[in-house]
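Hi,

Here is the structure I said I would pass on. Have a look at it first, and my notes follow below.

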Amino acid sequence: MAWESERIDQNVYSQGNVDRWVYSTCNICSVGCGCYIAVKDEQIVGIKGNGEHPINRGRLGPKGENQWYANQAPDRLKTPLIRNAAGDLEPATWEEAMGLIAEKARKAMKEKGTNSISIYSTGQGFIEDYYTIAKVGRAGLQTHLLDANTRLCTATTEFCLLQSFGADGAPASFDDIDETETLMLFGHNAAETGTVLFERIMDRKNRTGKPYLIVVDPRKTLTAKEADLHIQLTPGENVPLMNGIIRELISRGQIDQEFIGIHTVGFDEMKESVEEWTMEKASDASGVPMETFEKLVDRLGNTPSLVTTTLQGVYQSSEATTACVAVNNLHLIRGLIGKPGSGPLHMAGQPSSSANRTAGGVGTYPAHRNPNNPDHIKEMAELWNVEEDRLPVGPEKGIEDIISMIEKDEVDLFWNIGTNPMVSLPNRRRAKKALEKTFVIVQDPFLTETAAVADVILPAALWGEKEGIMENGDRTLNLSRKAVEPPAGVKSDFEILLDFAGRMEFQDKDGNPLIQYSTPEQCFEEFKRVSKGRPCDMTGVTYDRLERLNGMRWPVPDEESTGTTRLYSDFKFHTKVNDAQTFGKNQFTGRANSKEEYEEIGAEGRAILHPTRNLRPMEKPDDNYPMWLTTGRLVWHWHTRTKTARSPLLHMAAQHGYAEIHSDDAEELGIVEGEVVRISSPRGEIEVPARIGEIVQKGLVFVPFHFGNWEKKEAANELTLDLVDPLSKQPLFKQSACKVEKIRGTHEVAEGESLEGIASHYGLSARELAAANRLSTPYEIQTGKSIEVPISIINTPLQPYMPYRENM
């Protein structure tokens with residue numbers, strides 16, 4: 001059972017008592033913690049955890065406790081902005097801004113066709129927003145260019161699930177973590193990216209000694225420090241590791257032959273693909289010592305139950321989908337799926353990115369329908385009352401595909417909703433240059449870095465100022481009630497989309513408005529009808545039931561159901577041809593299968609075991625760029641700090657970008673703690689202070705990706721590789737080649753000068769200057785000799801945060 005007791009975390013700033021507490025859900029990570037919003041004088045003044053919510057029992061992480069400060073930020077946008085002929089953004093009315101957008105959309109459709117418009121949205125919205133994007137985008141604009149920053153975050157979740165099981169949706173849930181004997185966190189630094197979930201894991205472990213915790217990560221993260229077994233592998237070698245595990249389990253006979261024979265297809269081809277990966281070869285490739293590898297295989301081969309979570313460490317890595325499919329293969333060959341305490345739990349990063357996939361705001365049609373299946377297209381046409389030929393078909397286009405199309409002048413309008421691609425996209429200078437070529441709409445509560453390429457900016461409402469349903473990482477649907485009205489002049493994403501649809505006069509085939517709902521709840525009632533009979537069936541969900549039951553996991557097929565703890569407990573998978581969400585892709589090349597090719601697989605309701613052949617990372621260290629670069633998150637910030645940097649506590653806890661460097665590398669390079677160094681890759685360079693220690697491996701540099709304004713050279717995505725995984729089209733943020741260089745001037749020591757005096761002149765301490773020059777005493781300097789002077793030394797302490805507290 002999760003949590004023996006509740007603990008109500010809260011953060012409130014109010015003169016006098018709070019007027020009311022409004023039911024809501026945290027809008028930061030994908031854990032989906034229940035909470036209440038504090039309202040005083042019609043302003044949001046704080047938050048507290050919901051002690052009745054089973055996900056968190058009242059607990060909140062540091063980002064969740066501080067998210068409400070963004071609502072009160074003095075730099076909130078409160079009026080639309082339009083870029084004038086001189087290139088400046090100036091205030092405009094909503095009528096002017098929306099009129100211009102509608103005009104540009106009509107012009108693009110007329111001159112270049114429907115696929116000249118792209119909508120790029122967020123993982124922080126609601127099902128109602130995403131469903132409206134799907135309907136407006138596909139049936140109104142008739143564009144296939146719908147994507148979201150889900151593509152950067154957790155697209156691989158979706159595609160590994162489609163490949164193996166035929167439909168999206170995590171098979172296991174957080175409840176299974178409470179029961180499992182073994183938990184493997186694979187590329188998932190839960191202590192920093194999902195703090196309350198990690199508290200939940202450690203609460204049980206501290207009480208019972210379970211689960212046995214395996215952490216797979218190249219860094220010694222806060223999560224890894226609590227592991228029973230830390231698998232510190234070489235960057236980019238997830239597939240060799242998994243192939244070695246699977247081959248050894250097959251060799252030892254530690255597999256469930258009966259389950260494989262009845263409930264899967266493809267075993268022989270999968271087995272052949274891992275045959276070369278002996279433990280010795282896998283150990284050598286992955287950098288995992290044989291003794292550790294033996295312990296790992298022994299545990300995975302003998303454990304009676306297993307939950308494996310994955311996150312960005314796998315998704316943003318070389319051969320991302322192949323690695324996650326290998327995780328699915330592991331569970332299938334051991335028969336550890338659909339049973340209490342067992343199953344893959346491929347996580348989401350954002351609070352509602354799963355909802356975007358479910359509602360069709362990205363690659364597939366709403367409610368897990370296949371854009372390549374004529375029967376599914378016909379079904380959608382009937383549900384929306386439009387002609388079939390009006391709905392675009394074909395494989396999805398990811399954001400990197402869309403950037404390439406913009407570079408070729410194929411896209412005339414790019415609508416960016418609630419995300420900040422000018423910090424988050426890889427090789428961001430290239431992306432900026434592309435977006436400067438087209439008409440860009442930015443819909444956001446703040447002037448983000450993406451405002452630099454915007455032609456129109458629309459001020460959008462924040463969490464607590466709008467209503468709707470989010471879907472967390474384990475399929476739990478959570479309600480967020482509207483606590484207050486947004487500031488005057490600000491509209492919700494949902495209202496803006498409805499306004500646009502009305503101006504474009506989108507109609508169904510009977511001449512009625514395409515969009516006939518006017519509130520989020522009405523919208524959800526329509527989506528429920530669309531979901532009926534599909535894997536994510538929400539027929540039995542209502543706003544009131546979600547609040548009364550504190551969330552429900554889909555499917556909820558009728559009003560008697562309270563949700564589904566885990567998928568595939570009947571071992572029937574969504575792989576029948578007319579049920580499958582896609583016809584899958586070639587596991588090696590990423591090419592989409594035809595219907596005929598999918599039929600040849602012959603799954604027919606069984607899970608698919610795919611071969612997991614290994615390709616080497618696209619870019620590796622060499623003589624010019626001899627070190628690995630990886631990027632990731634901090635416990636104190638979320639994404640590009642659009643919200644978290646506006647919290648005083650979170651900003652003060654981590655104010656700067658930095659580079660984590662192993663102490664051996666720092667010694668070899670002559671770098672001292674806090675010294676600003678230059679890190680460069682074939683794509684760009686940044687200058688950030690060094691944090692020296694043992695967290696990263698020798699030869700690896702870690703840079704947090706949250707920082708990235710245009711004035712300071714600290715954006716990790718100046719450096720990252722803009723190649724993508726061939727199946728999920730997710731960029732490979734986790735592996736690039738880089739080099740680290742000192743940035744120093746020289747000072748010729750004049751007669752009578754002391755080390756302390758020279759250091760003071762340059763704003764350094766004598767200790768720092770001595771360390772930079774490897775001086776054991778301050779008296780080693782000599783008149784007429786030159787010493788090196790770092791351009792800057794910046795103290796970059798990270799406020800310590802324990803991922804679990806004494807009183808859980």
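How many bridges join strand β16 to β17, and do they run parallel or antiparallel? There are four bridges between β16 (residues 439-444) and β17, and the two strands run parallel. One pair to look at there is Asp444, which stands opposite Pro459 in β17. Before you go further, keep in mind that this is a predicted model.

On confidence, the chain averages a pLDDT of 94, with 98% of its residues at 70 or more. The stretch to be wary of is residues 804-808, where pLDDT stays under 50. The model has 18 contacts beyond four places in sequence for those residues, but I would read them with that score in mind.

Back to β17. On its other pairing, strand β5 (residues 81-83) joins β17 in the antiparallel sense over two bridges, and Leu81 has Ile457 as its bridge partner. The side chains of β17 (residues 456-459) split two ways: Val456 and Leu458 point to one side, Ile457 and Pro459 to the other, and all of them are buried.

Leu458 comes up again in the nonpolar packing. The largest nonpolar core has 154 residues, and Leu458 is listed among those with the most contacts inside it, along with Leu241, Ile245, Trp415 and Phe500. Setting aside residues up to four places away in sequence, Leu241 touches Phe186, Val216, Ile231, Leu233, Ser286, Val288, Phe293 and Leu296. Another core, of 24 residues, lies apart from the 154-residue one; Ile399, Ile403, Met405 and Val411 are among its members. As a general point, nonpolar side chains in soluble globular proteins tend to be buried together.

Asp444 also has a second role in these notes, as a contact of Thr419. Thr419 sits in the loop between β15 (413-417) and α19 (421-424). Is Thr419 buried or exposed? Its relative accessible area is 5%, and because the cut-off for buried is under 20%, Thr419 counts as buried. Beyond its neighbours within four places in sequence, Thr419 is in contact with Tyr120, Ser121, Asn149, Ser424, Asp444 and Thr450.

For another loop residue, try Leu222, between β10 (212-216) and β11 (229-231). With a relative accessibility of 24%, Leu222 is classed as partly exposed. Its C-alpha atom is 46 Å from that of Glu90, and 132 residues separate the two along the chain.

Now the helices. Helix α8 (residues 195-208) has 14 residues and reaches 20 Å from first C-alpha to last, close to the 20 Å expected at 1.5 Å a residue. Eleven of those 14 residues are buried, so α8 is largely enclosed by the rest of the structure. The buried ones include Thr195, Phe198, Glu199, Arg200, Asp203 and Lys205. What covers them includes α1 (62-66), α6 (174-177), β9 (182-186), α7 (190-193) and β10. Gly209 follows α8, with a positive phi near 85°.

Helix α9 (residues 238-252) has 15 residues and spans 21 Å between its end C-alpha atoms, close to the expected 21 Å. α9 is mostly covered, with 13 of its 15 residues buried. After α9 comes Gly253, whose phi is positive, near 75°.

Helix α15 (residues 320-333) should span 20 Å for its 14 residues, and its end C-alpha atoms are indeed 20 Å apart. Here 14 of the 14 residues are buried, so the rest of the structure largely encloses α15. Just after α15, Gly335 takes a positive phi of about 65°.

Two sheets to finish. One is open, with four strands in the order β1-β4-β3-β2 and antiparallel pairing. β1 (10-12) and β2 (20-25) are at its edges with a single partner strand each, so one side of each has no neighbour in the sheet. Neighbouring strands are turned by 25° against each other on average, direction ignored. Within it, β3 (residues 34-40) and β4 (residues 43-49) pair over six bridges, and Ala38 stands opposite Gly46 in β4.

The other sheet closes into a barrel of six strands, β22-β26-β23-β25-β24-β27, with mixed pairing. There the average turn between neighbouring strands is 45°, direction ignored. β24 (residues 676-681) and β25 (residues 684-693) run antiparallel and are joined by six bridges, with Arg678 opposite Glu687 in β25.

Cheers

Conventions: Residues are numbered from 1 along each chain as its sequence is written. This is a predicted model: local features need pLDDT of at least 70, side-chain atom pairs count only at pLDDT 80 or more; totals for chains, interfaces and linings use all residues. Side-chain values use heavy atoms; hydrogens and water are left out. Two strands pair if DSSP finds at least two bridges between them. Axes are lines fitted to C-alpha atoms, for helices over the stretch in contact, and angles run from 0 to 180 degrees between N-to-C directions. Buried means under 20% relative accessible area, exposed over 50%, partly exposed in between (1.4 Å probe, protein chains only). pLDDT is the predictor's confidence in each residue, from 0 to 100. Contact means heavy atoms within 4.5 Å. The expected span of a helix is 1.5 Å times one less than its number of residues. A nonpolar core is a set of buried Ala, Val, Leu, Ile, Met, Phe, Trp, Tyr and Cys residues joined through side-chain atoms within 4.5 Å.
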